[in-house]
Amino acid sequence: MGDFTVRTADRRDTTLTQQAVDDLGARLRGTLLTPQSDGYEQARAIWNAMIDRRPGLIVRCAGAADVMQAVRFARENGLLVSVRGGGHNIAGNALCDGGVLIDLSPLRYVHVDPMGRTARVAPGATLGDLDRETQAFGLAVPTGINSTTGIAGLTLGGGFGWLTRKYGLTVDNLLGVDMVTADGQFLRASADENADLFWAVRGGGGNFGVVTSFTFRLHPVGPMVTAGLIVHPFDKAGDLMRRYRAAAAALPDEAACWIVLRKAPPLPFLPAEVHGKEVMVLAVFCALDEAAAAKALEPVRALGQPIGEHLGPMPYAAWQAAFDPLLAPGARNYWKSHNFTRIDDGLIDLLVAEAGKLPSPHCEIFVGQLGGAANRVPADATAYPHRDADFVMNVHSRWETAAEDTPCVRWARDVFDRTASYATGGVYVNFVTDDEQRVQAAYGANYDRLRALKQRYDPGNLFCVNQNIAPAG
Ligand SMILES: Cc1cc2nc3c(=O)[nH]c(=O)nc-3n(C[C@H](O)[C@H](O)[C@H](O)COP(=O)(O)OP(=O)(O)OC[C@H]3O[C@@H](n4cnc5c(N)ncnc54)[C@H](O)[C@@H]3O)c2cc1C
């Protein structure tokens, strides 16, 4: 028994009595963890091992009622708040030091309405949870490329992946959310209710409240798609990337081809002598039927003489998890990202040069192909504004030990700085790192409207552990 030291929203230490903490615990259906509780260490572990923060209290929510209790408790006591969905955010924004962590990760239901083609999804569900339930009916929502990512944070930032060129961003398929706002009230936001708030959550991150349920529109996909990897020799990367541009531009919306520059993992379809050597990988996807996909992907397959190819029909859900082994939690990670409208010759030369200096075998530069349906939405239709980005580069520095921090972080920053003159200046909010101040670049011309809505829904900035939108005024 004793007092608990916790942190206030203005980052001062304060104390809570045992009685106050016990009272909160008694009001929950879920579990309240303190630093002394069993399970506390597991509950504060997130994907990026660079982030090591110790919340003062962790509310492991069992439902929206627990979220309301946690928000009201934090507000009444002036405490710092963070919100965790899948815990994948590179900046570690799921966690705060000393404050109240509202942990939604126990909430993982996915309810599919196959006739109405919608899904209602809990805020702790992963992309894998969603794909598993929707694919049982041959349906899907466009999401991201790693099945352990949380649907909550991904959606609130925008969300893009293999189906984006055909069906838009994840937010373009969001029909509504239930949420708890900073005053502890529960409300619904959709095109018909609280439409301004619905606009803001489609890209505005966790700035406007805690989403307790997402409703998505579903599309027929698969269950079989055509997907796989084409691996080329690194010394041909510059030439291949130049020719990639025309091949990528000719792809139908159902298809996408991403570039990955990295050291070859020990994949069984690659000769052993290539393992651990730099390669250029084309990650290829097509949701058309098998014959149409083979035809559509022909220009990409004809780009050069690959070292190895593993491409063909496979379950959509399997492709969605194909990169999981390279992206497992627990490693140290640092990212830098640019958006591009085109891939210039000078950019290609820089990318190839920088990929020749990978500081760890786990580092990579990937260039994801967007465009298609995602870019046919007006930039002011949702808070996510980057409807001009045809390519998103993520310099994904990843390594194992703290001793490697300095060279691995420096490499990512160098690639970012050297390629900046080719970029739009905008950035996908979900790729912004802990030490970056790029909120205005993330929201562009939508930033002022977001600030006004932040002032309306969270004037005291209770939800500040995120890429924070300052309340107007
Ligand atoms: C390996 C890997 C691969 C990725 N691939 C892609 C990709 O292909 N496409 C893509 O678009 N993105 C991708 N991302 C980025 C991903 O979208 C972000 O990391 C996203 O923040 C993850 O969401 P989360 O719920 O797991 O994260 P968390 O860290 O739990 O949360 C992220 C942010 O959202 C807030 N938040 C979470 N849940 C809620 C909620 N219910 N209500 C309010 N706020 C909330 C948090 O407070 C935090 O600020 C990838 C990330 C990783 C690590």
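Which residue has a polar backbone atom 2.9 Å from a nitrogen atom of the ligand? V211 does.

This is a predicted model, in which local features need pLDDT of at least 70, side-chain atom pairs count only at pLDDT 80 or more, and totals for chains, interfaces and linings use all residues. Residues are numbered from 1 along each chain as its sequence is written, and side-chain values use heavy atoms, with hydrogens and water left out.

**The ligand site**

The ligand is surrounded by 34 residues. The closest are V83, G85, G87, F160 and Y428. Here a residue is near a molecule if one of its heavy atoms lies within 4 Å of it. The table gives polar contacts, meaning pairs of N or O atoms within 3.5 Å.

| Ligand atom | Partner | Distance |
|---|---|---|
| oxygen | G86, polar backbone atom | 2.8 Å |
| oxygen | G153, polar backbone atom | 3.0 Å |
| nitrogen | V211, polar backbone atom | 2.9 Å |

**Helix 12 and its partners**

Helices are DSSP runs of H or I with at least four residues, strands are runs of E with at least two, and both are numbered from the N terminus. Axes are lines fitted to C-alpha atoms, for helices over the stretch in contact, and angles run from 0 to 180 degrees between N-to-C directions.

Take helix 12 (residues 345-355) and helix 13 (residues 405-419). They pack at about 170°, with axes 10 Å apart. That makes helix 12 roughly antiparallel to helix 13, a label for angles over 145 degrees. Helix 12 gives L347, L350, L351 and E354 to the contact (heavy atoms within 4.5 Å). Helix 13 gives W411, V415, R418 and T419. By class, this contact has five nonpolar, one polar and two charged residues.

Helix 8 (residues 237-249) also packs with helix 12. The angle is about 140°, and the axes are 9 Å apart. That makes helix 8 oblique to helix 12. Oblique covers angles that are not under 35, over 145 or from 65 to 115 degrees. Helix 8 contributes A237, G238, M241, R242 and R245. Helix 12 contributes D345, I348, D349, L351 and V352. These residues divide into five nonpolar, one polar and four charged.

**Two backbone details**

Most residues other than glycine have a negative phi, and most peptide bonds are trans. R117 has a positive phi of about 55° and is not a glycine. R117 sits in the loop between strand 7 (110-113) and strand 8 (118-121). G222 and P223 are joined by a cis peptide bond, with omega about 5°. P223 lies in the loop between strand 13 (219-220) and strand 14 (224-233).

Key: Ala, Val, Leu, Ile, Met, Phe, Trp, Tyr, Cys and Pro count as nonpolar, Asp, Glu, Lys and Arg as charged, and the others, Gly among them, as polar. A polar contact is a pair of N or O atoms within 3.5 Å; within protein, one must be able to donate a hydrogen and the other to accept it, and residues adjacent in sequence count only if both atoms are side-chain atoms.
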